[in-house]
Amino acid sequence: MEQEKVANFIKQLRKDNNLTQKEFADFFGVTYQAVSKWENGKNIPDIAILKEICHKFNVDINELLNGKAKPKDKQNKKVIISLIFILIIIILVIAYLFLHNHDFTFKNVRSNCDDFTVLGSMAYNNDKTSINISSISCLSEEEETYTNITCILYEQVNDTKKEISKDEYSGISIKLNDYLNTVEFNIDNYDSTCSNYSDDSLSIELKAVNEEEKTISYEIPLILNNICNSTSS
């Protein structure tokens, strides 16, 4: 991301919408001096305001950060193609499950950690297991921002941690929950059977580094509720 490109993009966005710096500032609860600094490349909005700008003027966050708008017709074509592709995948998955796997059992995956909530699910039969972690959030209203964050899903195998999947972020300072809102783990064919799992075999590890290069770490244990011992939800 080049700060000058972001500055020029914000300035052009304001002018295209026939707004003064004061009017533009009022939309986002800042002063016109702040907008002036954005447009001069002396400062950039924080991630929350960047998202508000994108929502207000219907632009993609990547366009704003790269300082270059994509042609709308190409964007629309990409969206349509992506939706068609996703629809085809969903249909194929449903067809496969219906034709080949009538005996899937579904269970919730959660955490008993006091600082985080985790929502997920596990689907398994005698042939395969799939894990989906769809939501991770920090319960505390943390104001600290970080420039580098790593989120890793682990399995405990005896005394060793086995990495299953990883998500990494590096960029402008962002709050932990803003990052976690973008994280999702989807693992297919995790293991051939369910017999190896215990109710505490999975965990999530978070490591975050702020602008002063101070690192914080969180270990989030996941509960499978003795998944192999019961077929009830």
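This section describes an antiparallel sheet and the salt bridges of a predicted model.

In the predicted model, an open sheet is built from 4 strands, arranged in the order 1-2-3-6. The pairing within this sheet is antiparallel. Strands of a sheet can in general pair in a parallel or an antiparallel manner, in either case through backbone hydrogen bonds. The edges are occupied by strand 1 (105-109) and strand 6 (185-187); each has a single partner strand, and one side of each therefore remains without a neighbour in the sheet. From one strand to the next, the twist averages 10 degrees.

At the edge formed by strand 1, the partner is strand 2 (residues 116-124), and the antiparallel pairing of these two strands extends over 5 bridges. Within this pairing, Val109 is positioned opposite Gly120 of strand 2.

Attention then turned to charged side chains. Side chains of opposite charge can pair when their charged atoms come close. A search covering the whole structure identified 6 salt bridges. One of them joins the side chains of Arg14 and Glu39, with an N to O distance of 2.5 Å. Arg14 belongs to helix 1 (residues 3-16) and Glu39 to helix 3 (residues 32-39), so this contact ties together parts of the chain that are 25 residues apart in sequence. Arg14 and Glu39 are both buried.

A salt bridge is also formed between the side chains of Glu219 and Lys161, at 3.0 Å from N to O. This pair links distant parts of the chain, 58 residues apart, with Glu219 in strand 8 (residues 215-221) and Lys161 in strand 5 (residues 160-175). Glu219 is partly exposed, its relative accessible area being 38%. Lys161 is likewise partly exposed, with a relative accessible area of 35%.

The side chains of Glu205 and Lys207 meet in a further salt bridge, for which the N to O distance is 3.9 Å. Glu205 has a relative accessibility of 14% and therefore counts as buried, the cut-off for this class being under 20%. Lys207, by contrast, is partly exposed, with a relative accessible area of 41%. The residues of these two contacts do not stand as separate pairs: Lys161, Glu205, Lys207 and Glu219 are linked in a network of salt bridges. The network thus includes the buried Glu205 together with the partly exposed Lys207, Glu219 and Lys161.

Terms used. Residues are numbered from 1 along each chain as its sequence is written. This is a predicted model: local features need pLDDT of at least 70, side-chain atom pairs count only at pLDDT 80 or more; totals for chains, interfaces and linings use all residues. Side-chain values use heavy atoms; hydrogens and water are left out. Two strands pair if DSSP finds at least two bridges between them. Axes are lines fitted to C-alpha atoms, for helices over the stretch in contact, and angles run from 0 to 180 degrees between N-to-C directions. A salt bridge is a side-chain nitrogen of Lys or Arg within 4 Å of a carboxyl oxygen of Asp or Glu. Buried means under 20% relative accessible area, exposed over 50%, partly exposed in between (1.4 Å probe, protein chains only).
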